[in-house]
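Biologist: Could you take me through one part of this model up close? I'd like one strand and its neighbours, then whatever pocket and ring contacts you come across on the way.

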Amino acid sequence: MEIINVTRSSMPPFEEYCEEIKQLWDSRWLTNMGAKHQQLAERLTGFLDAAHMDILTNGHLSLELSLQALELEGEVITTPFTFASTTQAIARTGLTPVFCDVDPVTLTMDPAKIEVLITEKTCAILPVHVYGNFCDVEAIGAIGRQYGLKVLYDAAHAFGARYKGLGAGAWGDVSCFSFHATKVFHTLEGGGVCFQDEDFGRRLASLKNFGLSDPETAAVWGGNAKMDEFRAAMGLCNLRYVAGEIERRGEVEAYYRKRLEGTPGLRLMSLRPEVQPNHAYFPVLFEERAFGASRDQVWKALKEQDIMARKYFYPLTSSFPCYQGKFDPGNTPVALEASRQVLCLPVYGELSEEIVDRICGILLNCRT
């Protein structure tokens, strides 16, 4: 039986990718911000409605080096309802995460709960766009301006989504993206940073290149986060097809909703007004008593039939063993409950209605 993963990497036509990389055999310029890197950065800047943009080797280093380039010290208000990378980037740059609860509808950071967490040590707010749904960027931006705090978005889920007609690169001081192979748009592995301030961009460019400001001078401790030309070429190819992939994913989601809407105890996510989604994920939340089965029971039933749904996000990052004794997940009760209920069902452009029917059938048969 075919294994159905939670997503499937989109790929351009093989011949098109071969043509894209052909010139690399002539130039032999394979890394260090070559022509493909520059082309991709330029095209993504426009696609994401960014003022400026740089591309890096992965999404995590995009976050980590952005925090470093912002030259922050102290506490960063963030969300525990996220992938490990968000919290780990904060901790690895010597900053302290302070966890804010999420809105019960969107599962993004709740702006009404931010201000009570602000102290004299607070230096930034790091919210996360979730499942292609935007945070309340206007309310969060207003808080950032009022208190003089940097606003850095983890936009790994938001590529291709739009709010009020603008892409995710238009919001905040900085927005960080993942171009991992599982994302709506990918470069095999990669990441990107959209930003407003050119001085920040120069610091980021230095940090991703060993801290070098010229071939003989390293003024800061840097690392190596340069995207190579082969990955940039994959990005150039995939960018031509991403609109079609998003459209097909939307059709898959619409069929899921047709099958599942109105099921007692099963909540389907809703979008903030004026959000144009990217259909990156299809999360459903199980209220055990009303549905008749727990999230974990449904996950197990699907897995037994080779359908790899994902408990995404579970557990809360504030409950990770590496932070044992430092945080109480109970302080963010909405996020904690959502982490126990959520399950992302498979979604990708090539997923057939037949497979969706099979997934929905297994899920609904779990009800007692």
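Modeller: Two strands count as paired if DSSP finds at least two bridges between them. Keep in mind that this is a predicted model. With that cut-off in hand, let's start at strand S6, residues 150–154. Strand S5, residues 122–126, pairs with S6 over two bridges, and the sense is parallel. One contact to look for here is Ile 125, whose bridge partner in S6 is Val 151.

How do you get from S5 to S6? The path goes by way of helix H6, residues 137–147, and S5, H6 and S6 together make a right-handed β-α-β unit.

Now for strand S9, residues 174–178: three bridges join S6 to S9, and these two run parallel. Look for Leu 152, which has Val 174 in S9 as its bridge partner. As for cover, S6 is mostly tucked away, with four of its five residues buried.

S9 also takes us to the largest pocket, since S9 is among the elements that give two or more residues to the lining of the largest pocket. That pocket has a volume of about 480 Å³, and 27 residues line it. Nearest its centre lie Phe 83, Ser 178, His 180, Lys 183 and Tyr 312. Besides S9, helix H4 (59–69) and helix H5 (84–92) each give two or more residues to the lining. By character, the lining residues split into 11 nonpolar, 12 polar and four charged.

On to the rings. Phe 47, Phe 159, Phe 177, Phe 179 and Phe 185 form one aromatic cluster. Across the structure there are 19 aromatic pairs. One of them is Phe 81 with Tyr 131, an edge-to-face pair at 6.4 Å centre to centre, with 85 degrees between the planes. This pair ties together distant parts of the chain, 50 residues apart: Phe 81 sits in the loop between strand S3 (75–78) and H5, while Tyr 131 sits in the loop between S5 and H6. So that loop belongs to the stretch leading from S5 into H6, two members of the β-α-β unit. Phe 81 and Tyr 131 are both buried.

Another pair worth a look is Phe 286 with Phe 291: their ring centres are 5.0 Å apart and their planes stand at 75 degrees, so this pair is edge-to-face. Here too, both Phe 286 and Phe 291 are buried.

Technical notes. Residues are numbered from 1 along each chain as its sequence is written. This is a predicted model: local features need pLDDT of at least 70, side-chain atom pairs count only at pLDDT 80 or more; totals for chains, interfaces and linings use all residues. Side-chain values use heavy atoms; hydrogens and water are left out. Buried means under 20% relative accessible area, exposed over 50%, partly exposed in between (1.4 Å probe, protein chains only). A crossover is right-handed if, with the strands pointing away from the viewer, the path from the first strand over the helix to the second runs clockwise. On a 1 Å grid over the protein atoms alone, a cavity is a set of points where a 1.4 Å probe fits but cannot get out, and a pocket is an open set with protein on both sides within 12 Å along at least five of seven lines; lining residues have an atom within 4 Å of a point. Grid points are joined across faces, edges and corners, and a volume is the space filled by probe spheres set on the points. Ala, Val, Leu, Ile, Met, Phe, Trp, Tyr, Cys and Pro count as nonpolar, Asp, Glu, Lys and Arg as charged, and the others, Gly among them, as polar. Rings of Phe, Tyr and Trp (its six-membered ring) pair if their centres lie within 6.5 Å; planes under 30 degrees apart count as stacked, over 60 as edge-to-face and the rest as tilted.
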